[in-house]
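These are my notebook entries on a single model. I set down what I looked up, element by element, in the order in which I took up each topic.

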Amino acid sequence: MSQEDLKQYLRTMSERIELAMDQLVPPQDQYPEALYDAMRYSLFAGGKRLRPVLTMATVEALGGDVEAALPVASTLEMIHTYSLVHDDLPAMDDDDYRRGKLTNHKVYGEATAILAGDGLLTQAFQVLGTIDAQGREAVLLRIVGELATAAGSVGMIAGQMADMENEGMKADEERLAFIHAHKTGALLTASVRIGAIFAEASEDQLLALTSYAQKIGLAFQIVDDILDVVGEAEKLGKAVGADAAHGKSTYPVLYGLEESREMVRRLTAEAHQALQSVPLRTNRLQEIADWLVNRDV
Ligand code: GRG
């Protein structure tokens, strides 16, 4: 499968997801226009759509109903978008730009950005609660549990909290692993697991796919840290060095750039291996793993 095929797949899949999300956000006449605008501003601001793509590719790998999975996949992007809107707020990272555009609070103000994030988070569960289950209520209930656990206080929010506490400190290896596994890893892993649960994977398949997702989740985050260091060094016109990570503990800071790159290679190989342990149509998932570590954004 060529690189171009994957690019085309990602483009088509993103379009389908965006169309689904467009229909899933409640129409404007049901709530204040500023809230509607703010929610849609961030939801349609671009982005790789990695999480819903992973859900869709997993459903595909298991031979599940891809079209029917679209609303479920969309909920992962809603939660991801909410987390970015809140992460950018002055009380958190205080960022002015996201995905090449002004951040939500810069356009709509802080209070509206908080509510837009809350709206997107809750919207995800409204979607899951109102899907026509067609006799598969137990499957959907399990998906609700997965999503809430991954996004909640023992998942992504735990990671964000630990990351905040890590600010300006030199975190140790264990703490850094905790931050990554929760802040980024939990939702990425849930994206794959939710696709697997939707397509009614066997327990063996679910285990293998979970392992794949955890490996690519960590590799994705290490690549993000590496890109951050390289980008920062370029901006400052300095030699690439692990010291350019805004005083935060990251993999390049803790292990150095070369060892971090080696970890990414190892994790990617392990992700490929995990998929081979069970019968699955895994071409796309394999390609996505490679794309994630070779990306430059
Ligand atoms: C505020 C509850 C709360 C949580 C925030 C995910 C997160 C937790 C914050 C995002 C900040 C950040 C840079 C996290 C590292 C993970 C990461 C690289 C997120 C960006 O995800 P991509 O690359 O973004 O998938 P796009 O824009 O492509 O969707």
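**Entry 1: helix α3**

I began with helix α3, residues 50-61, whose twelve residues reach 16 Å from the first C-alpha to the last, close to the 16 Å expected at 1.5 Å a residue. I note at the outset that the model is predicted. I then looked up burial along α3: twelve of its twelve residues are buried, so the helix is largely enclosed by the rest of the structure. The buried residues include the charged side chains R51 and E60, as well as L50, P52, V53 and L54. Just after α3, I found G63 with a positive phi of about 70°.

**Entry 2: the shell around the ligand**

Which residues come nearest to the ligand? Of the 15 residues around it, I recorded G47, K48, S83, H86 and D87 as the nearest. I next asked which elements give two or more residues to this shell, and found α4 (66-87), α8 (156-166) and α9 (173-198). The largest share comes from α4, which gives five residues. By class, I entered four nonpolar, six polar and five charged residues for the shell.

**Entry 3: M39 in helix α2**

I looked up M39, which lies in helix α2, residues 33-43. Is M39 buried or exposed? I count M39 as buried, because it has 27 C-beta neighbours inside 10 Å and the cut-off for burial is 20 or more. Leaving aside neighbours within four places in sequence, I listed its contacts as V25, A116, G119 and L120. I also noted the pair M39 and L115: they are 76 residues apart in sequence, and their C-alpha atoms are 8.6 Å apart in space.

**Entry 4: the largest nonpolar core**

I turned to the largest nonpolar core, which has 71 residues. The residues with the most contacts inside this core are L187, Y212 and A219. Helix α10, residues 203-236, gives the most to the core, with twelve residues. I followed A219 further. Beyond its neighbours within four places in sequence, A219 is in contact with V264, L267, T268, L292 and V293. Of these contacts, V264, L267 and T268 are among the buried residues of α12, and L292 is among the buried residues of α13.

**Entry 5: helices α12 and α13**

I therefore looked up both helices, beginning with the span of each. Helix α12, residues 257-276, has 20 residues and reaches 29 Å from first C-alpha to last, close to the 28 Å expected at 1.5 Å a residue. Its buried residues are S260, V264, L267, T268, A271, A274 and L275. Seen down the axis of α12, these fall within an arc of 120°, so they line one face of the helix. On the face turned away from that buried side I found the exposed residues E258, E259, E262, R265, R266 and Q276.

Helix α13, residues 283-294, has twelve residues and reaches 17 Å between its first and last C-alpha atoms, close to the 16 Å expected at 1.5 Å a residue. I recorded R284, L285, I288, A289 and L292 as its buried residues. Viewed down the axis of α13, they fall within an arc of 140°, so they too line one face of the helix.

**Entry 6: loops and positive phi**

Most residues other than glycine have a negative phi. I looked up two residues with a positive value. R99 has a phi near 50° and is not a glycine; I located R99 in the loop between β1 (97-98) and β2 (101-102). R99 is partly exposed, with 13 other C-beta atoms within 10 Å. Q134, also not a glycine, has a positive phi of about 45°, and lies in the loop between α6 (110-130) and α7 (137-151). Q134 is exposed, with 9 other C-beta atoms within 10 Å.

My last look-up was D96, in the loop between α4 and β1. D96 is exposed, because 10 other C-beta atoms lie within 10 Å and the limit for exposure is 12 or fewer. Setting aside neighbours within four places in sequence, I found D96 in contact with L102, T103 and K106. I also noted V107, eleven residues from D96 in sequence and 9.5 Å from it in space, C-alpha to C-alpha.

Note on methods: Residues numbered from 1 in each chain as written. Predicted model: local features only at pLDDT ≥ 70, side-chain atom pairs only at ≥ 80, totals over all residues. Near = placed C-beta within 6 Å. Helix = DSSP H or I, 4+ residues; strand = E, 2+ residues; numbered from the N terminus. Expected span 1.5 Å × (residues − 1). Arc of directions from axis to C-beta. Contact = placed C-beta atoms within 7 Å. Core = buried A, V, L, I, M, F, W, Y, C linked by C-beta atoms within 7 Å.
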